[in-house]
Amino acid sequence: FSSRRRHTRYISVTGVQTCALPILHYTVVFICILFTITMNSQSSFYKLSFNTLDGQTVQMDQFKGKKILIVNTASRCGFTPQLEALETLHKNYASSLVIIGFPSNEFASQDPGSNSEILNFCKKNYGVSFWMSEKIKVKKGNQQHPVYQWLTQKSLNKAFGTSVWWNFQKYLITEDGQLHAVVRSWKKPNCKRITKWLQSAS
């Protein structure tokens with residue numbers, strides 16, 4: 001006991017002497033906490049879902065293992081032609097990328113149509129075949145869609161907080177469900193930042 005006592009630090013907790021945990025133990029605990037935070041962020045994204053323009057419910061967990069690009073769209077915006085570039089990305093990276101468009105009428109009322117009208121517009125004018133959600137609210141507030149709550153709130157995505165400034169703002173999500181970056185509206189879907197990310201290993 002005396003030999004052990006010479007090599008062990010003691011701390012007092014509420015007046016009782018207690019043997020201090022080794023530094024290695026604290027290191028392991030810290031790593032476990034970081035891992036738990038990462039996994040919670042990941043699992044929280046894959047628990048999300050959305051409804052398509054034709055009423056189908058889609059679970060995010062089916063996209064595990066693929067990069068995801070989420071973009072809020074509008075049919076009457078100056079950036080609407082980006083739908084064509086998004087469709088090209090969808091076809092060129094079909095095996096590794098999922099694109100999900102979320103129509104919104106919150107910016108200058110540039111997407112006033114019904115879900116069926118939006119669906120027809122996207123297919124007729126741009127041949128859109130990637131996932132398209134029903135029209136939702138993307139701005140922060142009581143009606144903000146859960147997907148956009150996760151995208152914009154650091155407390156949920158564990159990466160950073162943002163606001164949606166205009167139509168066609170793009171969010172990039174990694175193969176393991178982590179928020180990677182936000183790309184502003186004026187940056188085209190085939191810009192260098194996005195294509196470099198698509199071509200990089202996870």
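The lining of the largest pocket divides into seven nonpolar, three polar and two charged residues. These values come from a predicted model. The space inside the largest pocket is about 200 Å³. Helix 4 and strand 7 (131-132) are the elements that give two or more residues to its lining. Helix 4 contributes the most, with three residues. The full lining consists of Thr 52, Leu 53, Asp 54, Gln 56, Leu 119, Cys 122, Lys 123, Val 128, Ser 129, Phe 130, Trp 131 and Met 132.

The chain as a whole contains seven helices and nine strands. It has 202 residues, of which 41% count as buried. Its accessible surface comes to about 11,500 Å². Carbon and sulfur atoms hold 54% of that surface. Among contacts with a separation of 6 or more, 62% join residues 24 or more positions apart.

Helix 3 spans residues 82-92. Its buried residues are Gln 82, Leu 83, Ala 85, Leu 86, Glu 87 and Leu 89. An α-helix has 3.6 residues a turn, so residues three or four places apart point the same way. The buried residues of helix 3 pack against five elements, named here in turn. Three are strands: strand 5 (67-73), strand 6 (97-103) and strand 8 (170-173). Two are helices: helix 4 (115-126) and helix 7 (192-199).

Both of these partner helices carry an aromatic residue of interest. Phe 121 lies in helix 4. Phe 121 is partly exposed, because its relative accessible area is 23%. Outside the residues up to four places away in sequence, Phe 121 touches Ser 75, Thr 80, Leu 83 and Tyr 126. Leu 83 is also one of the buried residues of helix 3. The C-alpha atoms of Phe 121 and Ser 75 are 7.4 Å apart in space. In sequence, Phe 121 and Ser 75 are separated by 46 residues.

Trp 197 belongs to helix 7. Trp 197 is buried, since its relative accessible area of 6% falls under the 20% cut-off. Leaving aside neighbours within four places in sequence, its contacts are Lys 67, Ile 68, Leu 172, Ile 173, Thr 174 and His 180. Trp 197 and Ala 181 are 16 residues apart in sequence. Their C-alpha atoms are 9.7 Å apart.

The loop between strand 7 and helix 5 (146-152) holds Ser 133. Gln 144 is in the loop between strand 7 and helix 5 as well. Ser 133 has a relative accessible area of 0%, so it counts as buried. A polar atom of the Ser 133 side chain lies 3.4 Å from the backbone oxygen of Asn 51. Beyond neighbours within four places in sequence, Ser 133 contacts Phe 50, Asn 51, Thr 52, Leu 53, Gly 101, Phe 102 and Pro 103. Thr 52 and Leu 53, among these, also line the largest pocket.

Gln 144 is likewise buried, because its relative accessible area is 4%. Its side chain makes polar approaches to two backbone oxygens. The backbone oxygen of Val 138 is 3.0 Å from a polar atom of that side chain. For the backbone oxygen of Tyr 148, the distance to a polar atom of the Gln 144 side chain is 3.4 Å. Apart from neighbours within four places in sequence, Gln 144 is in contact with Lys 137, Val 138, Lys 139, Gln 149, Thr 152 and Gln 153.

Positive phi values are found at Ala 108 and at Lys 158. Neither Ala 108 nor Lys 158 is a glycine. Phi is near 60 degrees for Ala 108. Ala 108 sits in the loop between strand 6 and helix 4. Its relative accessibility is 55%, so Ala 108 counts as exposed. For Lys 158, phi is near 65 degrees. Lys 158 is placed in the loop between helix 6 (154-157) and strand 8. Lys 158 is partly exposed, because its relative accessible area is 43%.

Methods. Residues numbered from 1 in each chain as written. Predicted model: local features only at pLDDT ≥ 70, side-chain atom pairs only at ≥ 80, totals over all residues. Heavy atoms only, no water. Buried < 20%, exposed > 50% of the residue type's maximum accessible area, 1.4 Å probe, protein only. Helix = DSSP H or I, 4+ residues; strand = E, 2+ residues; numbered from the N terminus. Contact = heavy atoms within 4.5 Å. 1 Å grid on protein atoms, 1.4 Å probe; cavity = no way out; pocket = protein on both sides within 12 Å on 5 of 7 lines; lining within 4 Å. Points joined across faces, edges and corners; volume = space filled by probe spheres on them. Nonpolar A, V, L, I, M, F, W, Y, C, P; charged D, E, K, R; others polar. Polar contact = N/O pair within 3.5 Å; in protein donor to acceptor, adjacent residues only side chain to side chain. Areas by Shrake-Rupley, 256 points an atom, 1.4 Å probe, with all protein chains shown as cover.
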